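Colleague: I should like to learn how to read burial, contacts and helix packing from a set of coordinates. Please take me through an example.

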Amino acid sequence: MQNMGEDEMNILIFNDKASDLGSIDQFELFRAGAENYYNLYCRNREKEYAEKEQEYVDPEKFVGSEDEEMFFDEWAYISLSDITKLYSELGVKMGAEFGKTLLRCNMDGVLYYPQDFKDAYKIIQMQKDDIDFCYGLLILISHIPERQKIYEEYVIHVKELLRKHGLEECERIIGNTKKKAFIAIWFDNSMEKAREKIMVAIRTCGYEPMIIDIKEHNNQIVPEIFKEIEDSEFVVADLTGHRGGVYYEAGYAMAKKKQVILSCKDGERTHFDVAQINTIYWKDEDELCDRLVKRIKATIGENR
């Protein structure tokens, strides 16, 4: 049953802006794709559950075991607070069955009050309007951590569908997107660990790292770089190897008034044009990560 109230105003605002975000056909196509990927998620989830059950020492004792708990934590977990928000945002009254759910313990040893992702998704499917479906789905997936199978098997596909159908702005409107940080770095095998540590540092501070070679795109590479730099909160440019492209991207970011954090492996000399800029010179990748976290917090601030 739909309840008119303060919580429902959010969906009304979203509907009001939907005409500027995309056409009815775009939302219809998005919904069809999301439903297809959900069915694929369910199939893969059931397949892995059966495999885990058969691999267990005693398959008959898999139900209720710690391994089953870990499986559900990865594939099914959604907290009661998240599903409550979903119901409230869509103006749907929660039934008495939600008071009967037992406490469980997640992989980190923290007690939580869960509902299965499938239970929450049923509420999304009840929405007859495709725009309401889109809104509810984005609310539902907004707090799913990347470590969970739900994210890998379903959420990333939803985000791809938003891009495919030109509906990326929907996420921004309801605040589901993290601020990004662009990484300019030499693409060489010797830099793989440094690259990973830079990404760790950026995520530690609450931002989403963006490297152009991991972003799927069909456009020419330079315009895509320009767009990602313009959309980013700041840029981390590691000058190790002194690649012209890295200097180019750092310079473009500065021209766009973006804050740029420079780093370079200790022992290498940076170009004289940037020698006066406060640069993080690192001896090993762990030092790079630690110092980068401190620099981001001190100059940019955490994104929480």
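Modeller: Let us begin with burial. A residue is called buried under 20% relative accessible area, exposed over 50% and partly exposed in between, using a 1.4 Å probe and protein chains only. Tyr252 has a relative accessibility of 18% and therefore counts as buried. The model is predicted: local features need pLDDT of at least 70, side-chain atom pairs count only at pLDDT 80 or more, and totals for chains, interfaces and linings use all residues. Residues are numbered from 1 along each chain as its sequence is written, and side-chain values use heavy atoms, without hydrogens and water.

Colleague: Where is Tyr252 found, and what does Tyr252 touch?

Modeller: Helices are DSSP runs of H or I with at least four residues, strands are runs of E with at least two, and both are numbered from the N terminus. Tyr252 lies in helix H11 (residues 244-255). Contact means heavy atoms within 4.5 Å. Leaving aside residues up to four places away in sequence, Tyr252 touches Phe226, Ile229 and Glu230. Phe226 is 26 residues from Tyr252 along the chain, and their C-alpha atoms are 7.8 Å apart.

Colleague: How should a helix pair be read, and at what angle do H4 and H6 cross?

Modeller: One fits axes to the C-alpha atoms of the stretch in contact and takes the angle, from 0 to 180 degrees, between N-to-C directions. Angles under 35 degrees count as roughly parallel, over 145 as roughly antiparallel, 65 to 115 as roughly perpendicular and the rest as oblique. The axes of H4 (residues 80-90) and H6 (residues 130-141) come within 9 Å and cross at roughly 155 degrees, so the two helices are roughly antiparallel. Lys85, Leu86, Glu89 and Leu90 in H4 meet Asp132, Tyr135, Gly136, Ile139 and Leu140 in H6. These residues comprise five nonpolar, one polar and three charged. Here Ala, Val, Leu, Ile, Met, Phe, Trp, Tyr, Cys and Pro count as nonpolar, Asp, Glu, Lys and Arg as charged, and the others, Gly among them, as polar.

Colleague: Which residues of H6 meet H7?

Modeller: Cys134, Leu137, Leu138 and Ile141 in H6 meet Tyr154, Val155, Val158 and Leu162 in H7. The residues of this contact are eight nonpolar, with no polar and no charged. The axes of H6 and H7 (residues 149-164) come within 11 Å and cross at roughly 140 degrees; the pair is therefore oblique.

Colleague: How many helices and strands does the chain have?

Modeller: The chain has twelve helices and nine strands, and buried residues make up 44% of its 304 residues.
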